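I opened this entry to write down what I looked up in the model, going from strands to helices to single residues. The notes follow the order in which I checked things.

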Amino acid sequence: MKKPKERMRFRSIVALAPVVLSGCTGVQSMLHSQGPQARSIENVWWLMFWGALLIFSLVMGLTLYAVLHERGQRVPPNAQRLIIAGGVLLPLITLTGLLVYGMVISDPNGWVQEDDPIVVEITGHRWWWEVRYPTSEGNDLPVVTANEVHIPAGKTVLFVVRTADVIHSFWLPNLGGKIDLIPGHTNRLHLRADRPGAFRGQCAEFCGAQHAHMGFWVYAHDPEGYVRWLAERRDAMSENLGAVRSRGRQQFFEQGCAECHTIRGTPARGNVGPDLTHVGSRRFIAAATLRNTLENRARWIRENQSIKPGNGMDDFSFLDPGTAADLAAFLGTLR
Ligand code: CUA
């Protein structure tokens, strides 16, 4: 049996692993820019990195010179000239250059030219993301899902962001900078993915106990793949209408799940928790916290308050495992 302290250390290593590993694969890294906005941010980052390295080397060089030479051996510095050059001119030139580069040359929104971007509405909740695709050409029924955003690569996407409660921050480092979700205010952010891929995003503003468990994924498809994805979601909505009356479906209404969740194509119209119309097609549940497997869905239903303590879902630990499994199976059919 491990000692509590050891177990704690082991747990913190396990908890840190995804952070470290995602750094390696670059699915959540501003140093692996995959779009024009992220690229301009990455360029500023590298410019600052090399500039800081140069100045650091210069200071270390001067320090070594001072340490390695006896007082009498050093070239006597002209104090006044040193202060003016190193203390006034150097910072003035460096910082002005950086300011001009940051404000004018590397404008993160300078690339936006498209008039009709794809619009995706994001609403932050404690602690999940509502994702809405309003009607548009090729999408005559709004599609609503949670914690996963599907976009076409090579096309500008306008994220219209709001919050239902406190301040959150939508941050998708591979594609661009952060934008805050502010109560009573709508913010806009243009992003574009150069090529298809999967990127992880994260809430970047402390919003309560489960702030760290407020992640999301963005899937950039090729343009046909994106249209297909939207069409599949619409088809799934009509399939829900004629879905078999399974035990899980019956339990969904008996246990009161429909009070808080919507499943379009059924009488479930709750708007407290995430819309579950397409939950079975998602790769993760609980805001990028658990892989979307049958077992994890059942676990989430019964143990949600120990997996994400304080989250808005009721405690269903009283449910017997069989009912939870039926519910989990039913949710898996909602594509
Ligand atoms: Cu939402 Cu932090």
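**The sheet with β9 and β10**

I began with strand β9 (residues 197-203) and strand β10 (residues 215-221), which run antiparallel and are joined by six bridges. The model is a predicted one, and I read every pairing in these notes with that in mind. For a single position in this pair I looked up G201, whose bridge partner in β10 is F216.

I then asked which strands make up the sheet around this pair, and in what order. It is an open sheet of five strands with mixed pairing, and the order is β4-β10-β9-β6-β7. At its edges I noted β4 (148-152) and β7 (179-181), each of which pairs on one side only. Ignoring direction, neighbouring strands here are turned by 25 degrees against each other on average.

**The sheet with β5**

Next I listed the other open sheet, which also has five strands and mixed pairing, in the order β3-β2-β1-β5-β8. Its edges are held by β3 (143-146) and β8, and since each has a single partner strand, one side of each is left without a neighbour in the sheet. The average turn between neighbouring strands in this sheet is 25 degrees, again with direction ignored.

I spent longer on strand β5 (residues 157-163), where six of the seven residues are buried, so I recorded the strand as mostly covered. With strand β1 (residues 118-125), β5 pairs in the parallel sense over seven bridges, and in that pairing G124 has T163 of β5 as its bridge partner. With strand β8 (residues 187-191), β5 runs antiparallel and is joined by five bridges. For this second pairing I wrote down two positions: L158 has H190 in β8 as its bridge partner, and V157 has L191 in β8.

**Nonpolar cores**

Which residues have the most contacts inside the largest nonpolar core? In this core of 33 residues they are V120, I122, Y133, V149, I151, F159 and F170. Helix α4 (residues 223-241) gives the most to this core, with four residues. Apart from it lies another core of 19 residues, and among its members I noted C257, A286, I307 and L334.

I then followed F159 on its own, leaving out residues up to four places away in sequence, and found that F159 touches V120, I122, V149, I151, F170, N187, R188, L189 and L191.

**Helix pairs**

For helix α2 (residues 36-68) and helix α3 (residues 79-105), the axes come within 11 Å and cross at roughly 170 degrees; α2 and α3 are therefore roughly antiparallel to each other. The residues that meet are N43, V44, L47, M48 and I55 in α2 and T94, L98 and Y101 in α3. Sorted by class, this contact has six nonpolar, two polar and no charged residues.

For α5 and helix α7 (residues 321-332), the axes come within 7 Å and cross at roughly 105 degrees, which makes α5 roughly perpendicular to α7. Here R247, G248, R249, Q251 and F252 in α5 meet T323, D326, L327, F330 and L331 in α7. By class I recorded four nonpolar, three polar and three charged residues for this contact.

**Two single residues**

Is T266 buried or exposed? T266 sits in the loop between α5 (247-254) and β11 (284-285), and because its relative accessibility is 4%, I entered T266 as buried. Setting aside neighbours within four places in sequence, T266 is in contact with N240, R249 and F253. I also checked T266 against T145: the two are 121 residues apart in sequence and 16 Å apart in space, C-alpha to C-alpha.

R39 belongs to helix α2, and with a relative accessible area of 33% I entered R39 as partly exposed. Outside the neighbours within four places in sequence, R39 is in contact with S33 and D194. Finally I looked up the pair R39 and G176, which are 137 residues apart along the chain, with their C-alpha atoms separated by 7.8 Å.

Technical notes. Residues numbered from 1 in each chain as written. Predicted model: local features only at pLDDT ≥ 70, side-chain atom pairs only at ≥ 80, totals over all residues. Heavy atoms only, no water. Core = buried A, V, L, I, M, F, W, Y, C linked by side-chain atoms within 4.5 Å. Buried < 20%, exposed > 50% of the residue type's maximum accessible area, 1.4 Å probe, protein only. Contact = heavy atoms within 4.5 Å. Pairing = 2+ DSSP bridges. Axes fitted to C-alpha atoms, helices over the stretch in contact; angles between N-to-C directions. Parallel < 35°, antiparallel > 145°, perpendicular 65-115°, else oblique. Nonpolar A, V, L, I, M, F, W, Y, C, P; charged D, E, K, R; others polar.
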